[in-house]
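Please look through the sequence and the structure shown here before reading on. The paragraphs that follow lead from one part of the chain to another, and it helps to find each residue in the structure as it is named.

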Amino acid sequence: MNPVFRGDLVNIRSGTSIRLALPAEPYKILDGMECVHCGNPSNVRYEIGVYEKAGYLSGILGDAAEGEDIQRLNCLAGRLRELDALQETAFCGMAEKETQSQGKISLERLVDLSYSTESCHVLPEVRSDFQLGEFLVDNGFVADLEDIPEEIRKYLDYGKIGREHREAEGGILTKSGYVEQWDEIHSIREETDFRFTKPEYTILLETKEGRISLPMDEYELEPYLWREMGEYRCADCAVPFFEGVLNRANADLTELNRFAGMLGELEEQGQLRTFKAVLQAAHCRDMGQAVELGENIEEEYVLFEELADPEDVAREWLSEQYPDDIELFSGEELRHIGERYMAKYPAYETDYGYLQRYDFQPVQPLEEEPEPTIEPRL
């Protein structure tokens, strides 16, 4: 699916950032917050780098959104991706009109406008007051001119007719056509939750039958097993970088449901972030191997979520060994100490923090299991 915005999710306090395209499914945003080591939504900002669509919004939106406004921006991006050409013209017109009258529009209001495109009349072929006037006269919308002879029409001031109508009805001319609002704006704030909340699923599949949320109970899953589901695509996953693995795994729904259940259990135990770090450190790209790695996460691994680089590792170690002397070391010295510590007691820099085994043994990289070969029959 094509993005609407491309940009960076940034930890306001530390400056740590990660690339993120919008719209994004819930887990991609939540995972991004973990990658920038930010547990508080008020301390994270989304900086728009490129408008892949709706470039006309750059003067309205600016270049950043913070806190829960990121969710509103994501909602707006999702809606903009759904709009057809006429609906987008309607949205553009309403946004421009409110900007002219109020100066600045909130993201919440922009979301409402994007869901209110059916409240507008749109004339894509009309780009000027003159063309609007012609349309109104030709289609009988000016009562006093309905019966005017054809030979007299060429003397009409169509520009004036169009301008007076536009000003009276509150319409607006855009680059994509004329827009006139005829009904009230639909507010979705009461029916939409913009908080950073985890979905009820851990794997979301898209199939020709629609979306399927996993895990589910066996009795709920059984009807899907009897249907001809065709190919599926993983639309969202609690381990976002594993989506491609799941799409290539060619696993059946039973296997995927079992894996989704394991992810749910790890999440309940507070070990999902550690599990993602283990998968990264082990270069795991196989669902079966991932299941094996997830069996003893809590007993074998520790994740230092607050450590973002070797300097942090050094400070953590020095705070235990020489708490009064940390300030004596420069940043370069701290980095050197941290790197030496990580070499002696293997620690792995992952997107989610520094990972270490409790027994200080290295995490062995895994190789993807080879595809089974079929011997030819003679």
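**A walk through the model**

Asp217 is partly exposed, with a relative accessible area of 43%. The model in which this value was computed is a predicted one. Asp217 lies in the loop that runs between strand E9 and helix H9, the latter covering residues 218–225. If you look from Asp217 to Lys175, a residue 42 places away along the chain, you will find that the C-alpha atoms of these two residues are separated by 52 Å.

The strand that comes before this loop belongs to a hairpin, in which E8 is joined to E9 through two residues. Strand E8 consists of residues 203–207 and strand E9 of residues 210–214, and the two pair in the antiparallel sense over five bridges. To see one of these bridges, begin at Ile203, whose bridge partner in E9 is Leu214. In general, the strands of a sheet pair through backbone hydrogen bonds, and they may do this in either a parallel or an antiparallel way.

We can now turn to a sheet of three strands. This sheet is open, its strands follow the order E5-E7-E6, and the pairing is antiparallel. Which strands form its edges? They are strand E5 (120–123) and strand E6 (172–174), each of which pairs on one side only. From one strand to the next, the twist of this sheet averages 25°. E5 and strand E7 (residues 177–181) run antiparallel and are joined by four bridges, and within this part of the sheet His121 stands opposite Glu180 in E7. Helix H4, made of residues 85–102, packs on the sheet and touches E5, E6 and E7, while its direction makes about 120° with that of E6.

Thr117 has its place in the loop between helix H5 (107–114) and E5. Is Thr117 buried or exposed? With a relative accessible area of 4%, Thr117 is buried. Not counting residues up to four places away in sequence, Thr117 touches Arg79, Leu83, Gln87, Ala90, Phe91 and Met94. Another residue to look for is Arg72, which is found in helix H3 (residues 69–82). Arg72 counts as buried because its relative accessibility is 15%, and buried means under 20%. Leaving aside neighbours within four places in sequence, Arg72 is in contact with Leu107, Glu108, Val111 and Phe194.

The next topic is the cysteines. A disulfide is a covalent bond between the sulfur atoms of two cysteines. How many disulfides does a search of the whole structure find? The search finds zero. Cys75 is in no disulfide, and the nearest cysteine sulfur, that of Cys120, is 18 Å away. Cys75 is buried, with a relative accessible area of 18%. Cys234 is likewise in no disulfide, and here the nearest cysteine sulfur, which belongs to Cys237, is 4.9 Å away. Because a disulfide needs the two sulfur atoms to be within 2.5 Å, neither of these distances qualifies. Cys234 counts as buried, at 1% relative accessibility.

Further along the chain there is an open sheet of three strands in the order E11-E13-E12, with antiparallel pairing. The edge strands here are strand E11 (301–304) and strand E12 (347–350), and each of them pairs on one side only. The twist of this sheet averages 25° from one strand to the next. Between E12 and strand E13 (residues 353–357), which run antiparallel, there are four bridges, and the bridge partner of Glu349 in E13 is Tyr354.

The walk ends with a pair of helices. Two packed helices are described by the angle between their axes and by the distance between the axes. Helix H15 (residues 310–321) and helix H16 (residues 331–344) pack at an angle of about 80°, and their axes are 7 Å apart. Since angles of 65 to 115 degrees count as roughly perpendicular, H15 is roughly perpendicular to H16. On the side of H15, the contact is made by Pro310, Glu311, Val313, Ala314, Arg315, Trp317 and Leu318, and on the side of H16 by Gly331, Leu334, Arg335, Ile337, Gly338, Glu339, Tyr341 and Met342. Taken together, the residues of the contact of H15 with H16 divide into nine nonpolar, two polar and four charged.

Terms used
Residues are numbered from 1 along each chain as its sequence is written. This is a predicted model: local features need pLDDT of at least 70, side-chain atom pairs count only at pLDDT 80 or more; totals for chains, interfaces and linings use all residues. Side-chain values use heavy atoms; hydrogens and water are left out. Axes are lines fitted to C-alpha atoms, for helices over the stretch in contact, and angles run from 0 to 180 degrees between N-to-C directions. Angles under 35 degrees count as roughly parallel, over 145 as roughly antiparallel, 65 to 115 as roughly perpendicular and the rest as oblique. Contact means heavy atoms within 4.5 Å. Ala, Val, Leu, Ile, Met, Phe, Trp, Tyr, Cys and Pro count as nonpolar, Asp, Glu, Lys and Arg as charged, and the others, Gly among them, as polar. Buried means under 20% relative accessible area, exposed over 50%, partly exposed in between (1.4 Å probe, protein chains only). Two strands pair if DSSP finds at least two bridges between them.
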